[in-house]
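This report describes the fold of one protein chain, from its strands and cores to single residues in loops. The sequence and the model come first.

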Amino acid sequence: MKRKDFTTYFKEQLQDGEKAGRVTTSTHGIYTVADDETERFGEVSGRFHYHTVEDSGFPAVGDWVVIDPYDEGRRVKIQRVLNRNTVFSRSAPGQSNKEQVIAANVDVVFIVTALTQEMNPRRLERYIEQVYESGARPVIVCTKKDLSTSLHNQLFQIEQAAPGVPVYPVNSLHGEGLELLKHELTPGQTVSLVGSSGVGKSTLMNALLEKEVQETQAVREEDDRGRHTTTHRELFSLPDGSYMMDTPGMRELQLWGNGEGNLDYTFSDIGALSAGCRFRDCRHEEEPGCAVQAAIQSGEMEVSRLKSYNKLKRERRRLELKDKYGTHRTNRMLHGPNAVKE
């Protein structure tokens, strides 16, 4: 990992004599760490393991870490993780109170969706919310453009679900649209790909890397779903000097964090309309003079978008309460006889 990409943000965290590298793969506690000299396997030190309580504190792909080479320089011990500039997380599947780090120190997230029946605007809203929460910038990449039977309608739905987010329809197999997409790549910056299985993340990565580094598989024709071709996260160098990380397809994306303010970015259209509501605390339900409901009645906005906004807002509220009071007390507060109104 070239030193020119080791920004001041991370350099300032090093103490005298410390060496640093970047985690490029992570599999069952075995890491690959790249530095100026080479790429080596490694693991966390005993001290690191003893003092790290949460899973989210362990190294993730994209992390910059302090390392000590051993075994005649062939392997490294990871002593600590440098403070992350951005972190893309979700609630661990089945455990809404545990954080699972998807990627660290990512500048841009390519949210990949296929222009087939797999496309789901409501799912895109969840991804966009998480990207804003991470501190990265979202970009939507629509793959399998050649398979779309209603391209303009699908792109309209996506743009409605993602106001202000760049959208790029591409055909990765034939390179159509990739030159425009490459404008989102900047030397030294890191891009992560996220999306469901079968949407074409690996094919897209191979096209951008200009070589076959990721195995690809066909999707099932009956439902457009694919197998998890990518089984682990890995960081690659692109020809232009940027970096790209592929991730396994995610069957579920449970929100993490309580950054309700980020909903204002994800649903900026609702925020803009809310300024025209008669009441400042309008819930956009049956209040008189609600500009959001007026937009729904006129066809300017789909009611499903407002429902998605309210659903994500409730999830954020639950996460905030769980973080403050714990799971059991939160359940009593929300579902008990004296439940608070969300």
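Contact here means heavy atoms within 4.5 Å. The model is predicted, so local features need pLDDT of at least 70 and side-chain atom pairs count only at pLDDT 80 or more, while totals for chains, interfaces and linings use all residues. Residues are numbered from 1 along each chain as its sequence is written, and side-chain values use heavy atoms, with hydrogens and water left out.

**Overall**

The protein chain holds 11 helices and 13 strands; helices (H or I, at least four residues) and strands (E, at least two) are DSSP runs, numbered from the N terminus. Of its 342 residues, 46% count as buried. Buried means under 20% relative accessible area, exposed over 50%, and partly exposed in between (1.4 Å probe, protein chains only). The accessible surface of the protein chain is about 17800 Å², and carbon and sulfur atoms hold 46% of that area; accessible areas come from the Shrake-Rupley method with a 1.4 Å probe, and for residues only the protein chains shown count as cover. Among contacts with a separation of 6 or more, 66% are between residues 24 or more positions apart.

**Strand β11 and its partners**

Strand β11 covers residues 190–194, and five of its five residues are buried. Thr190, Ser192 and Val194 point one way from β11, and Val191 and Leu193 point the other way. Two strands pair if DSSP finds at least two bridges between them. By that rule β11 pairs with β8 (residues 108–114) in the parallel sense over four bridges, with valine 109 opposite serine 192. It is also joined by three bridges to β13 (residues 243–246), again running parallel, and there threonine 190 stands opposite tyrosine 243.

**Nonpolar cores**

A nonpolar core is a set of buried Ala, Val, Leu, Ile, Met, Phe, Trp, Tyr and Cys residues joined through side-chain atoms within 4.5 Å. The largest one has 24 residues, and Val109, Ile111, Ile140 and Ile158 have the most contacts inside it. β7 (95–104), β8, α3 (121–134), β9 (137–143), α4 (151–161) and β13 each supply at least two residues of this core. Its largest share, four residues, comes from α3. Apart from this core lies another, of 22 residues, among them Val141, Leu185, Leu209 and Leu238.

Valine 109 also has contacts beyond its neighbours within four places in sequence: Val131, Ala136, Arg137, Pro138, Val139, Ser192 and Val194. Ser192 is the residue that stands opposite it in β11.

**Leucine 115**

Leucine 115 is in the loop between β8 and α3. With 1% relative accessibility, this leucine counts as buried. Leaving aside neighbours within four places in sequence, leucine 115 is in contact with Cys142, Thr143, Lys144, Lys145, Leu147, Ser148, Leu151, Gln154, Ile158 and Pro169. Leucine 115 and Lys144 are 29 residues apart in sequence and 5.7 Å apart in space, C-alpha to C-alpha. Another of these partners, cysteine 142, is buried at 0% relative accessibility.

**Cysteines**

A disulfide is a pair of cysteine sulfur atoms within 2.5 Å, and by this rule the count is zero. For cysteine 277, the nearest cysteine sulfur is that of cysteine 282, 4.0 Å away. Cysteine 277 is buried, with a relative accessible area of 10%.

**Helix α9**

Helix α9 (residues 291–298) has Ala291, Val292, Ala295 and Ile296 as its buried residues. Seen down the axis of α9, these fall within an arc of 145 degrees, so they line one face of the helix; the arc is that of the directions from the helix axis to the C-beta atoms. An α-helix has 3.6 residues a turn, so residues three or four places apart point the same way. On the other side of α9, Gln297 and Ser298 are exposed. Glycine 299, just after α9, takes a positive phi of about 90 degrees.

**Positive phi in loops**

Most residues other than glycine have a negative phi. Two residues that are not glycine and have a positive phi are listed below.

| Residue | Phi | Loop | Relative accessible area |
|---|---|---|---|
| Aspartate 71 | about 55 degrees | between β4 (64–70) and β5 (75–81) | 36%, partly exposed |
| Histidine 284 | about 60 degrees | between α8 (268–274) and α9 | 7%, buried |
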